[in-house]
Amino acid sequence: MAAESEMVEDQILSDVHVTAIRSGISRGYEKGLQSLSRFVVNYQAGERREERMKEESKKDSQDDINAMTDIDGDLVLTRKHKAKDVITIAHAMQTNLQDVGMQVWMGCLLLCNFILNNCPRFENSTVLELGGGTGLASVVMATTAKYVICTDTGKDVLEMCERNVIANKDIYNRRGHELERLVIVRALDWMDSDIQTDESIPFSWSQKDLQLLSDVDVIIAADVVYSNDLTDAFFTKLLTLMKTGKQKTCFITTERRLNFTMTDLDVTCKEYDHFREWLKRLETTSDYRIKQLDSDVPQFIQYPQSRYLELWQIQQISSAHLVPTS
Ligand SMILES: C[S@@+](CC[C@H](N)C(=O)[O-])C[C@H]1O[C@@H](n2cnc3c(N)ncnc32)[C@H](O)[C@@H]1O
């Protein structure tokens, strides 16, 4: 989590909040410890700039053709494609460890930029996000993917996430999908072996949702490595999910938070080392290919780049052991 100097008692101050002023994120209002931040997705940034500009000029000339009259003689105008989207996310600026999902983390911004740089890769995907927190990465993913299931645990986190998902529906609904078909928010606790299917409980899974889960081919997770027990639970859940339904690829972002400890008399990050041990273990099974991807990606959403932010891909290469879902 944030450096010790940024902690107030057992409260953890959001890195994204601290750096918001330096980055492209602007804050709408602040009330108590709650904030509403605007994440500007600037499509003219990064590698897609040229491609997009070409697309826009093509659209502009198409617009000229379309700027015609209808049968009543009224002018018919086609709306120009926006060069920017603004995703507005409600989040907490400071929480206890239990509620860190109510903050937006740097790993989430890296994940968003990775998605925005690779839209065609996700176009036909059904995506599951683990530990989705405020829902920002799921909203970004929904601008390109077919379906997104954003999951987390805890009533407050899930409610905030769902509010954010609904509030940004115009961003990802542009293609005319029905909201309820495109992004859903569901409870999924890595510590629980079962998925909640009692529909009287909020954020539980219907049969239709479970069907969607079996279609998942991409799993994403941002900033979920910060406690070894949770990392163990996360990987155990991830492997269970990967063994069912379709062959999957998982993208995980993590921040290597270095600390000096008196025990080691050195600067270390034991949580990161534990995460790397898991990756090594998976690689030796030969069912998975592990690859570190370049985290220095063009920034559609701006934030201060850090060499401690990493992006990992876990690709399932053997489907021989897959257990069919009923
Ligand atoms: C550091 S936050 C990252 C949130 C978000 N992905 C982001 O990067 O902004 C870690 C996330 O993992 C979730 N989490 C922690 N323990 C969990 C568990 N047992 N099951 C599911 N999610 C959990 C938290 O609620 C939180 O949303």
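Me: What makes β8 and β9 count as a pair of strands, and in which sense do they pair?
Reply: In this predicted model, β8 and β9 pair in the parallel sense over four bridges, and because at least two bridges are required for two strands to count as paired, the criterion is met. One position in this pairing can be named, since V127 stands opposite V148 in β9.

Me: What makes β8 a strand that is mostly covered?
Reply: Five of the five residues of β8 are buried, and the cover extends to both faces of the strand, with T126, L128 and L130 buried on one side and V127 and E129 buried on the other. That division into sides follows a general pattern, because in a regular strand the side chains alternate between the two faces of the sheet.

Me: Why is strand β10 described as largely enclosed by the rest of the structure?
Reply: Strand β10 covers residues 183-187, and four of these five residues are buried, so the strand is largely enclosed by the rest of the structure. Strand β9, made up of residues 147-152, pairs with β10 in the parallel sense over five bridges, and within that pairing C150 stands opposite V185 in β10.

Me: Which residues of helix α9 are buried, and what do the buried residues of α9 pack against?
Reply: Within helix α9, which spans residues 207-214, the buried residues are D209, L212, L213 and S214. The buried residues of α9 pack against the strands β8, β9 and β10, and also against α10, which spans 228-242.

Me: Why is H274 called buried?
Reply: H274 has a relative accessible area of 15%, and because buried means under 20%, H274 falls into that class. The residue belongs to helix α11, which runs over residues 270-284, and, when residues up to four places away in sequence are not counted, H274 touches N228, T231 and D232.

Me: What makes D223 a residue to remark on for its phi?
Reply: D223 has a positive phi of about 50° although it is not a glycine, and this can be set against the general rule. Most residues other than glycine have a negative phi. D223 lies in the loop between β11 and α10, and its relative accessibility of 6% is under the 20% limit, so D223 counts as buried.

Me: How do you know that D223 reaches G107, and which residues is D223 in contact with?
Reply: The side chain of D223 reaches the backbone nitrogen of G107 at 3.4 Å, and because a polar contact is a pair of N or O atoms within 3.5 Å, that distance satisfies the cut-off. Leaving aside neighbours within four places in sequence, D223 is in contact with W105, M106, G107, T253, E255 and R257.

Me: Why does F203 count as buried, and where does F203 lie?
Reply: The relative accessibility of F203 is 12%, which is under 20%, so F203 is classed as buried. F203 lies in the loop between β10 and α9, and its phi is near 65°, a positive value in a residue other than glycine.

Me: How do you know that D152 lies within polar contact distance of the ligand?
Reply: A polar side-chain atom of D152 lies 2.5 Å from an oxygen atom of the ligand, and this is within 3.5 Å, so the distance fits the definition of a polar contact. Backbone N or O atoms are also found at such distances: one of W190 lies 3.0 Å from a nitrogen atom of the ligand, and one of A222 lies 2.9 Å from a nitrogen atom of the ligand. Taken alone, the ligand exposes 580 Å², of which the protein buries 96%.

Me: How many residues surround the ligand, and how do the residues of the shell divide by character?
Reply: The ligand is surrounded by 20 residues, the closest being W105, G131, D152, D189 and A222. The residues of the shell divide into 11 nonpolar, six polar and three charged.

Me: What share of the protein is buried, and how many helices and strands does the protein have?
Reply: Buried residues make up 48% of the 326 residues in the protein, whose secondary structure comes to 11 helices and 16 strands. The protein exposes about 16,600 Å², with carbon and sulfur atoms supplying 49% of it.

Key:
Residues numbered from 1 in each chain as written. Predicted model: local features only at pLDDT ≥ 70, side-chain atom pairs only at ≥ 80, totals over all residues. Heavy atoms only, no water. Buried < 20%, exposed > 50% of the residue type's maximum accessible area, 1.4 Å probe, protein only. Helix = DSSP H or I, 4+ residues; strand = E, 2+ residues; numbered from the N terminus. Near = heavy atom within 4 Å. Polar contact = N/O pair within 3.5 Å; in protein donor to acceptor, adjacent residues only side chain to side chain. Areas by Shrake-Rupley, 256 points an atom, 1.4 Å probe, with all protein chains shown as cover. Nonpolar A, V, L, I, M, F, W, Y, C, P; charged D, E, K, R; others polar. Contact = heavy atoms within 4.5 Å.
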